[in-house]
Amino acid sequence: MLQKPKSVKLRALRSPRKFGVAGRSCQEVLRKGCLRFQLPERGSRLCLYEDGTELTEDYFPSVPDNAELVLLTLGQAWQGWFRHVSQDSLTLLGSSCPPALVS
């Protein structure tokens, strides 16, 4: 049975742009994203922007429509938006940050 295409918002790790992409599978979204961002498909993967969870074919159907995803290529990592912002904030605080805030 063919499921209806899922629409997601997709961004590449080092790109300020994001695009709407639709696909019936994780692999289809990955393929379309790699074409859109002109990135190699081999070694690439998709993660949730929010928390960095890596998408699999089994997990893909549970991802809500219009979810924000990050397209990662070989060697790239994404731990999620909240963690990314927290680490940037700690870097800005520098050595004045009490050890209790660094986990």
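**A guided look at the fold**

Visitor: How far from the ring centre of Y49 does R11 lie?
Guide: R11 lies over the face of Y49. For a charge to sit over a ring, NZ of Lys or CZ of Arg must be within 6 Å of the ring centre and within 35 degrees of the ring normal. For R11 and Y49, the distance to the ring centre is 4.3 Å.

Visitor: What kind of model is this?
Guide: Residues are numbered from 1 along each chain as its sequence is written, and side-chain values use heavy atoms, leaving out hydrogens and water. Local features need pLDDT (the predictor's confidence in each residue, from 0 to 100) of at least 70, side-chain atom pairs count only at pLDDT 80 or more, and totals for chains, interfaces and linings use all residues, since this is a predicted model.

Visitor: Where is the pLDDT below 50?
Guide: The chain averages a pLDDT of 82, and 77% of the residues score at least 70. Beyond near neighbours in sequence, residues 88–93 have two contacts in the model (contact means heavy atoms within 4.5 Å), and their pLDDT is below 50. Residues 95–103 have three such contacts, and here too the pLDDT is below 50. Your answer is therefore residues 88–93 and residues 95–103.

Visitor: What pattern do the helices and strands follow along the sequence?
Guide: Helices (H or I, at least four residues) and strands (E, at least two) are DSSP runs, numbered from the N terminus. The chain has two helices and four strands. Reading along the sequence gives β-β-α-β-β-α.

Visitor: Which strands stand at the edges of the sheet?
Guide: Four strands make an open sheet with mixed pairing, in the order β2-β1-β4-β3. Two strands count as paired if DSSP finds at least two bridges between them. Two of the strands have a single partner each, so one side of each is left without a neighbour in the sheet: these are β2 (18–23) and β3 (45–48).

Visitor: Is the pairing of β1 with β4 parallel or antiparallel?
Guide: Strands of a sheet pair through backbone hydrogen bonds, either parallel or antiparallel. With β2, strand β1 (residues 6–12) pairs in the antiparallel sense over six bridges. β3 and β4 also run antiparallel, joined by four bridges. With β4, strand β1 shares five bridges, and these two run parallel.

Visitor: Which residue of β4 is the bridge partner of A12?
Guide: Bridges match residues across strands: V8 stands opposite V21 in β2. Similarly, L48 has L69 in β4 as its bridge partner. For A12, the bridge partner in β4 is L71.

Visitor: How many of the six residues of β4 are buried?
Guide: Buried means under 20% relative accessible area, exposed means over 50%, and partly exposed lies in between (1.4 Å probe, protein chains only). V70, in strand β4, has a relative accessible area of 1%, so V70 is buried. Apart from neighbours within four places in sequence, V70 has contacts that include L10, L46 and W78. β4 is mostly covered, and its count of buried residues is five.

Visitor: What is the angle between the ring planes of F19 and F37?
Guide: Rings of Phe, Tyr and Trp (its six-membered ring) pair if their centres lie within 6.5 Å; planes under 30 degrees apart count as stacked, over 60 as edge-to-face and the rest as tilted. A search of the whole structure finds two aromatic pairs. F19 and F37 make an edge-to-face pair, 5.2 Å centre to centre, with an angle between the planes of 70 degrees.

Visitor: Why does F37 count as buried?
Guide: F37 is in helix α1, 18 residues from F19 in strand β2. F19 is buried, with a relative accessible area of 15%. F37 is below the cut-off as well, because its relative accessibility is 14%.

Visitor: Are the rings of Y49 and W78 stacked or edge-to-face?
Guide: Both Y49 and W78 are buried. Their ring centres are 5.4 Å apart and their planes are at 15 degrees, so the pair is stacked.

Visitor: Where is Q76 found?
Guide: Q76 counts as buried, because its relative accessibility is 17%. Not counting residues up to four places away in sequence, Q76 touches L13, R14, R45 and L71. Its place is the loop between β4 and α2.
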